[in-house]
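Biologist: I am new to this structure, and I would love a close look at one part of it. Could you take me through the salt bridges and the annotated active site?

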Amino acid sequence: MRIENDIKLGFKDVMFRPKRSTLKSRSQVNLNREFTFLHSQTTWTGVPIMAANMDTVGTFSLALALAKQNLFTAVQKHYSLEDWDAFLAAAPSGIENYIAVSTGTSQADSDKLKAIFSAHTQLRFICIDVANGYSEHFVKFVEHTRAQFPDKVIIAGNVVTGEMVEELILSGADIVKVGIGPGSVCTTRVKTGVGYPQLSAIIECADAAHGLGGQIISDGGCAVPGDVSKAFGAGADFVMLGGMLAGHEESGGELIERDGKHYKQFYGMSSETAMDKYVGGVAEYRASEGKTVEVPFKGPVEHTLQDILGGIRSTCTYVGAARLKELTKRTTFIRVNEQENQVYTNS
């Protein structure tokens, strides 16, 4: 047993220190990024915000809405080949630049992935997603997928430490997904005691990935637009959102009416709800590690996107970053004990 005494930080522990700026308006800030990925050697341009590969968020309808603004969606893994056929037949040209096909690591998952990419060779992104990215089986699956799809962009995760980021990149991942336990409907930290504060995880993992020419995604922990900015400021190349994109017209989940108000169901993919839906219940050897909640219905996602993107542009103007790429170079975080005056809160 050992104890690390260095303090690890989450989003709530810091704020940006403002700096002089030559920007006259938020409208001058460019949020598009361009990346060339290490192994696939393909190039991508867009706003590097992703919808999470949860079945209440990573839907085809949300992917269409986000792609209109050059945002990305990791499409949830439970769509069938027939679902993909129907979606791609009706989707606009270029949608393949803003979606990833998500997969687990079983043989059935591998077979379905092969079938989808054989039928739709224009697809470019694969998201290999497991809760625990530290297993030898997972690393071997990444290696196998890279050998099978040498020209595709591979996203792999989740991990929270630099050495594992390096191993996944060296095994064939272009982008590593970072985050264990920070999500709003994840209970891994309380069920297992395992986790890592998200801001520190981003800082450490980004350093490891960028040293090898790879990228990272900050996955989880963002509750407000300022958190998204903090993730980018800490070095994240992409930021993945779940709860902030739940509850919209384009999101998944059952629509519920109660006392004249509307809600949408939102749950973690390791929750009892998800396991009942997809694998016949919680296996006797494990526990549920996710919540099921009802999110107030928010209407079209475009209003939420405006709030998020507008917040990031404002962050950039406060620190003098004309482009999103410059934000981490212009970031100085100050540690704080408070963030917001909550005398008045929204009812």
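Modeller: Happy to help; here is a walk through the salt bridges, followed by the annotated site. This is a predicted model, where local features need pLDDT of at least 70 and side-chain atom pairs count only at pLDDT 80 or more, while totals for chains, interfaces and linings use all residues. Residues are numbered from 1 along each chain as its sequence is written, and side-chain values use heavy atoms, with hydrogens and water left out.

Let us begin with the charged pairs. A salt bridge here is a side-chain nitrogen of Lys or Arg within 4 Å of a carboxyl oxygen of Asp or Glu, and by this rule the count comes to nine. Among them is a network that links Asp129, Lys177 and Asp219. On one side, lysine 177 meets aspartate 129 with an N to O distance of 2.6 Å. This pair joins distant parts of the chain, since aspartate 129 belongs to strand 7 (residues 125–129) and lysine 177 to strand 9, 48 residues apart. Strands (E, at least two residues) and helices (H or I, at least four) are DSSP runs, numbered from the N terminus. On the other side, lysine 177 meets aspartate 219 at 3.1 Å, N to O. That link also spans distant parts of the chain, from strand 9 to aspartate 219 in strand 10 (residues 215–219), 42 residues apart.

How covered are these three residues? The terms depend on relative accessible area: buried is under 20%, exposed is over 50%, and partly exposed is in between (1.4 Å probe, protein chains only). Lysine 177 counts as buried because its value is 1%. Aspartate 219 is buried too, at 15%, whereas aspartate 129 is partly exposed at 24%.

Another of the salt bridges joins aspartate 13 and lysine 12, at 3.3 Å from N to O. Aspartate 13 is buried because its relative accessible area is 19%, while lysine 12 is exposed at 62%.

Now for the annotated site. An unreviewed UniProt entry marks Cys186 as "active site"; such positions are given in the numbering used here, feature names are shortened, and annotations may be inferred rather than shown by experiment. Cysteine 186 sits in the loop between strand 9 (175–178) and helix 6 (188–192). Cysteine 186 is partly exposed because its relative accessibility is 25%. Leaving aside residues up to four places away in sequence, cysteine 186 touches Gly181, Glu289 and Gly290, where contact means heavy atoms within 4.5 Å.
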